[in-house]
Structures are given as structure tokens and as C-alpha cells.
2 protein chains.
Amino acid sequence: MSRAALPGFRDFYPQEFAERAYVMDAWREVTRRYGFVEYDGPPLEPLELYTAKSGEEIVGQLYVFEDKGGRKVALRPEMTPTFARMVGAKLNALRKPVRWFSTPQLFRYERQQKGRLREHFQLNVDIVGEADVAADAELLACAIDVMREVGLTSKDVRARVSDRRLIGALLSHFEIADKDQPLVYAVLDKLDREPRDVLEKRLTDAGIAFHTVGSLFEAVASRDLDELRSRLGGMRALDGHFETLGRYFELLEALGVRDWVQLDLSVVRGLAYYTGIVFELFDNEGEFRAICGGGRYDDLLATLGGTAAPALGFGMGDVVLGELLRSRKLMPALEPAVDFWVACDDDALLPDVMSVAAKLRGSGRSVEYSLKGQQLSRQMKAAASAGAGQVVILLRDQWSGGSGTVTVKTLADGTERVVRSDVLLNFPMQDNG
Amino acid sequence: MSRAALPGFRDFYPQEFAERAYVMDAWREVTRRYGFVEYDGPPLEPLELYTAKSGEEIVGQLYVFEDKGGRKVALRPEMTPTFARMVGAKLNALRKPVRWFSTPQLFRYERQQKGRLREHFQLNVDIVGEADVAADAELLACAIDVMREVGLTSKDVRARVSDRRLIGALLSHFEIADKDQPLVYAVLDKLDREPRDVLEKRLTDAGIAFHTVGSLFEAVASRDLDELRSRLGGMRALDGHFETLGRYFELLEALGVRDWVQLDLSVVRGLAYYTGIVFELFDNEGEFRAICGGGRYDDLLATLGGTAAPALGFGMGDVVLGELLRSRKLMPALEPAVDFWVACDDDALLPDVMSVAAKLRGSGRSVEYSLKGQQLSRQMKAAASAGAGQVVILLRDQWSGGSGTVTVKTLADGTERVVRSDVLLNFPMQDNG
């Protein structure tokens, strides 16, 4: 029998599961505070759901196959198409703006990337039905509040924001032809990672004037909106976009997250997808890939055949965030823990042990006991290794006919109290964290 | 674009997701009380993981395909093989008994069963490393406590239990040849659903004596262990099995679930799988398929190539349980609910609204507000449809420079209080459930 998971897939032993649950609980806690409600869709979808959005070239990155009914199907590589399908099917009946989130497991199969994971879990948060920039601020604040929830600060993580409309207007102003714009976006996307002169040459080779490239790079290097605005002040076509971005920063300030956010027009993200403000969250040390990315995609619902509606959202994976938390010692360890262990000094008392355990469980406590007769000393050892807060000990000479007195020992400090079994259920729980 | 999920797959809109979460929360709450810890494995596994346990014929029921690396893979149809692989790989390092649970989504593709679901979620609870019948009682009590947790009673649900070892000894006593035993099990499995004379004929046609068939059917019809024991009292080979079953019922009594449980030797379950006590949970009206099934499978870990270890477990799907809860009006409806809605009577106050919302969220409350300027009356309507417990209203003439007094209106009774914004965070939350 195969003793391993498939390459790129994770086994979640209890410790790994607890780490995943810690991240996902933070996702759910923060989205709950923002009034988002959870949905889910199938992990297997018709292939056309993805090719309709991303073209046939996406097929090379998917787990795709033909099912026994002859349907071309794929394991979901992202949640947005499912989200768009579900919202599109019931948009008229839904309360607007739609504020939904999901925490799906997603799958990618890229042959060349051996050793990389082929699945991850991803928080997806989306708002549909609101064009106002307040929605953009609300969305980014939610992503940043997840960072806070897991103990990260603005010293650890930065949100880099751009506006696709502003960039578009800038390129138009610089009279860069539409056909060259994909190249320009590709170059912007690499500003952090490749030498400036190499990137300049790629643009001038495409016929873009050297002084235009210089102006563009200067504009994109700006990290301050006012400074950028005064530099480009003569461009009236940009005024509306500056006002939107200025408002965005003002509302991020109101939401208490402004100090996490930095203007960075080199943030590009999906080319055929986003239509307005876009953002990415990165660790400040530049050690990891993006923690989170998202933005406004006002055209997508219509593109996917649904009703047109303004929309925006982000995705945040569990893998990069988990790596960051571990590297910052912010990932809690799973300590085994039960509230009570019930023990006895006579095998014949096992039914009584089980009865006490059942009653404690009935009051909401977590309880374990030895599932067979064992020496009391071994039971005490098992209780300790189970992380029991307290051990309830039934002793033969203090017990008869299903009741008696029990000794309750708190393992943390070794203190013992003797109580009647019928008052045990009102006994206060010790913190065993 | 396709506007529907694949046949047999479910879209979980927020209401459906809330129902699924209600069931899964009950699963997690009860297993927590029993000291089980959660794990998970990949939804995609090597095909051989399933053929090793169930033979090649299982392939006809699976989503199976070849991945781009030429591996035969399958969407997991059950969790036990993954569980056995994971436990087997680390058995020596794990605290014994292993008490794990999981809540995977599982997949089956059976061509002939159109209209039936092809995926469901299933609670899997397993214990490894304990041969004592106390473990069998503990396991069944856990399944039954899930029923209690979702509001079902012993009037709604019955646990039918059998013992494969007792049945085996009975068949040996009746001198039924090993080769005929699969037929006998198949007949027992149909006792509820087919006429007795048809089933008798199938056995006598196979050469089993008519009087043997009669004795067997009489034994299997018994619902009382003592009655059965006295009837078969002469069979010394059965004594040990009767003692085990008697002890099982005694321990189920101690665990407080005896009144849910009924002896029923017609319960068969997986033929090549279970080795001891087996059980199934059914609704008492016989309206639905099994809610839950499980038992002892002491040989499986060794069969799957791991270390031999006594083991037992059950699976409980979300679909049948959900149907039962809905039919008994026990499935709660998802009511939209946020703790607070923040509103204002002047669009210019939107940043202040967002600042108040951020502070309330920072104290753990769930908060919504209008993401654009709106008439106060429309905001109040939106607050009501969002299920807000309280609305915090910022009025232009009571607010300046980021602070002031606010009106806090409780929507349930219409009462209003005016408080300073800086004491708002200490304002008690209303129950908006």
C-alpha cells in the first residue's frame, strides 16, 4: 500500500490540522465581524467555468479530466468563477451589497513545479453591488484585520495598493498604444525583481520613447499620493482617479488601517480581470510570496454571462500565511487537552467511571478515561499525557451503588479536593490551556 | 457559461451552508467532549489506496483518472484508507489509544444512480489500539450523543447492534459451510425488506437444511440478549460472545445511552471489513437510509500494509442526518444577524461611521454600515434587513471632530438611548438571535 500522499498534497495530522484550524478560525472570526456570511460550492466543476474566464491556456494548470458521463471537469483552481455562477443565478433575490466569504480548498497541477504544493485553502471575501470606493476600503481593512487577528502588525506586513484606472489613464496620457500596454504591465510587475536598465530596454525596444519610459518609472516609483499628484498635476485626465485614491486612503484611515497601506503603482495583478483599485499584502522582509491579493473586478460578472454588477474581492491562502506565522513564532502549538480524566483504583468500577464521564460530558466538559482496567498509577500517567486539567478518582472504599465521594486532583499544581459525586457537575473547571 | 453545478454536487448558498455548519459544529462539539482530535487528508489519493482495501470492483464507483504525471488517482470515496495510511505511518509515535476524527467531503460516481448525490460530508470517528469492549461502547455512545446534540431523542433514532463474531459462531454451530456464509449474510441484510419465504428459499436452494434456516431466522429475530442466550443456551461456543455483548450493553447503560440501543443480528455491514461488534443508526420511522454505521475492524490496518492494531470507527454523513432534521423541524434557519449597524444623517459623516464601526469590530462585535451615502431612513431599513441588534446613529448636530453623542436604537423593541461615543464600546450587546 502507498504510504504517502500524492506529491503536492498534505496530510493534516492533528498538529497540522490545529494550525490550519487556527488560521481558518481567524478568517471566520474577522469576516464575521465584518458581517460577511459563508458559502461554498463544489470542488469539482465543469471545465468551461474556468476556460470562460481565463481562456484555454488555463487547462495546462488544472486537474482536468473527463468523468464517466463524458463531461469535461476540473478540480477548482480558484473560487471566483463558482462565486460568480452562484451570485449570478440569484442576484435579484439577494440582499445587496452581497457580502460573502468562503474557505475552499483549491487545486493546481503545473507539471514543471515539482515540490510545490498542488492544493491550498484560500479565504475568499467578495462584495457585489457597490461601486463606491468605501467598499474598496472595507475590503482591504478586512484583509488587514485578519493579519491583526493572528498577531501580525504593520511592522510585519504591508498592503501595496494601486489603481488600474489610474495606470490606464497614465499610459493613455503618455500615448502608449493599447497594443503595448500588456508589455508595460508585465514590466511594471517585474520592477522589484529585475534591473531597471533591462526593463527600460524592453520598453524602448518596443518603440516607447526613452523620456516617456523615464517619466513612467518615476511616477510608478512614487509611494506618496500627494507627491505623485503634484508631479503629475498638469494631467487633468488623472484628477478623478487621484480623488478616488485620496478618498480611499482617507477611508482606510477611518477604518484604522492606514499605517499598513502604501501606494505602489507597480502592483498589477491579473491583466484581464481587475478594473479598479488592486492590492497585495506582503511581509515587510520580502521573504515570502504574496499573502493576499485582490481588488475591484466590475466587468467579471457580465463576462461570465451573469448580470453586470460592480464587484470586488480578495483571496488569501493558508500556506504563505502559515509560513509567515511559523517564521515569526506566532503559530500556536497544539497541546493535548481535556477538561477531565476519570480514574479508579478497581477494575470493577469501570462502569462507574464511564457513568461519571458521561455526566461530565453532558455538562459540556471534555472527558477521557482508560478504556480498560489499568493500575491507578498508569491511569494518572495517561491523564497527564492527555493534558487533563483535573483527574476525578473513584476509590473502591469511598464508592458504592453508583455514588460516593471522589477525589478531584488538579494536575497543574497537584492540589486535591474530596467532593461528593453528585456535586461534581457543579465543580468549577480549571483552565488547562 | 454553465449556470449549474455538476449533477450530484451541491451549491451551498448561505442558508445551506449554515445548515451544513450546524451539523458539522455538532459533530465537532460532541467529539471534543469525547477527547477526539481532528485530522484531515488529501481529497485526491492514489487509486491503489482504495483497490487495496476493496478490490478492483470499487473502481466502477469512483471518480478516477490519470493525472498529468501518469498516476492513477481517485477522489476519496471514504476516509478509512487515508486514516489507516496516516496512523500506520506513525503508529509507534502516537499516544494510544489513538482517538481521532475527521469531517471530509467524500465522492462517489455511480453511473446508474442518476439524481443521487455524488458527494457528501462525513464525520469519521476512530479509535486505534484498544481491544476492550469498553472502546466499542465509547464509540457508539459518541455517535448517539451527536443525535442528542442536534435535538433527536431515542424516540426518533435507534441504534441496531450486532456482533460479527457471534454470528460467525452461530453459523459454525449450524454447520453452514464457509462458502455459503456470504449468501447467509446477504439474506440477513435483506430480512427487513424482502418476504421471509423468498429468503428462506434462497437458503434452502443453496442446500441449507430447512430446520437450520428456521432456527437461524428465529435467533436473528430476537431483540433481547437474555432471551436469545437462554434459547441458544446449549451452545457453549457462544458463551464468550454473549458475555462480550452483555458487557457491551452494561457499559452502554453506564454511558447513559442504553435506551437508544437494540440487539439486531440482521445488521451485517461490510462483509470483508468488520470483525466484531457492528452498529447502524436509523430513524425509528424507517423513513431514511442509515444515519450512521460502524464497528470494529481489527484486521484492517494489517490488511492495508500497516502494523496490526485493534481498531474501530464509524462514519456519519451530513445528507441523511440533514434530511431527518429537516423532516423533524430541527434544522435551524439562518437569520441574518449583526450586532450593530452604524448609520448617519449626513453623507459627510461616512468616515466617522467607518471609524465607529472599526472600533466596535475591534471589540469583537459584528458590524455593518452603508458603503455609500444614503438617506437615514434607507439605512434603518438596511439595518433591519441585515438583522442588526442595535443601530448606532451619528447625527450631524451632535457630532464634530470625530466624537460626540450617538443614539443607540435597539431594533427589537424600538428603545433608544443617547450615549457618548467614547463609552459606546462598553455598551452591552443585545441578543439579536
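1. Domains first. In this predicted model, the C-alpha centres of domain 1 and domain 2 of chain A lie 54 Å apart. The domain assignment puts domain 1 of chain A at 14-327 and domain 2 at 340-426. Keep those bounds in mind when reading the residue numbers below, which refer to chain A unless chain B is named.

2. Now the two copies. Chain A superposes on chain B with a rotation of 180 degrees and 0.0 Å of shift along the axis, at an RMSD of 0.0 Å. The two copies are thus related as by a two-fold rotation axis. Which residue of chain A comes closest to that rotation axis? That would be A:Phe65, with its C-alpha at 3.3 Å. As for the contact surface, 100% of the interface residues of chain A are also interface residues in chain B, so the copies meet through the same surface.

3. Helix α8 of chain A is a nice one to check by ruler. It runs over residues 210-221, and at 1.5 Å a residue its 12 residues should span 16 Å; the end C-alpha atoms are indeed 16 Å apart, which agrees. Its buried residues fall within an arc of 160 degrees when you look down the axis, so they line one face of the helix.

4. Who sits on which side of α8(A)? The buried set is A:Thr212, A:Val213, A:Leu216, A:Phe217, A:Ala219 and A:Val220. On the other side, A:Phe210 and A:His211 are exposed. The buried residues of α8(A) pack against four helices of chain A, namely α5 (164-173), α6 (181-189), α7 (196-205) and α9 (225-231).

5. Aromatics next. Over all chains, the structure holds 25 aromatic pairs. Take A:Phe9 and A:Tyr63: the ring centres are 6.0 Å apart and the planes make 65 degrees, so the pair is edge-to-face, the cut-off for that being over 60. This pair links distant parts of the chain, 54 residues apart: A:Phe9 is in the segment before α1 (14-33) of chain A, while A:Tyr63 is in the loop between α2 (48-54) and β3 (64-66).

6. Are those two rings buried or exposed? A:Phe9 has 8% relative accessibility and so counts as buried; A:Tyr63, at 2%, counts as buried as well. The pair is also part of something wider, since ring pairs link A:Phe9, A:Tyr63, A:Phe107 and A:Tyr109 into a cluster.

7. A word on A:Ser162, which is found in strand β8 (residues 157-163) of chain A. With a relative accessible area of 0%, A:Ser162 is buried. What does A:Ser162 touch, not counting residues up to four places away in sequence? The list is A:Ile167, A:Asp264, A:Leu265, A:Val267, A:Gly276, A:Ile277 and A:Val278.

8. For another serine, go to chain B. B:Ser154 has its place in the loop between α4 (133-149) and β8 (157-163) of chain B. Its relative accessible area is 24%, and B:Ser154 is therefore partly exposed, given that buried means under 20% and exposed over 50%. Leaving aside neighbours within four places in sequence, B:Ser154 is in contact with B:Asp259, B:Trp260 and B:Asn284. The C-alpha atoms of B:Ser154 and B:Val261 are separated by 8.5 Å, although these residues are 107 apart along the chain.

Conventions. Residues numbered from 1 in each chain as written. Chains lettered and ligands numbered in written order. Predicted model: local features only at pLDDT ≥ 70, side-chain atom pairs only at ≥ 80, totals over all residues. Heavy atoms only, no water. Least-squares fit on C-alpha atoms with pLDDT ≥ 70 in both. Contact = heavy atoms within 4.5 Å. Domains from an automatic or database assignment. Helix = DSSP H or I, 4+ residues; strand = E, 2+ residues; numbered from the N terminus. Expected span 1.5 Å × (residues − 1). Buried < 20%, exposed > 50% of the residue type's maximum accessible area, 1.4 Å probe, protein only. Arc of directions from axis to C-beta. Phe/Tyr/Trp six-rings, centres within 6.5 Å; stacked < 30°, edge-to-face > 60°.
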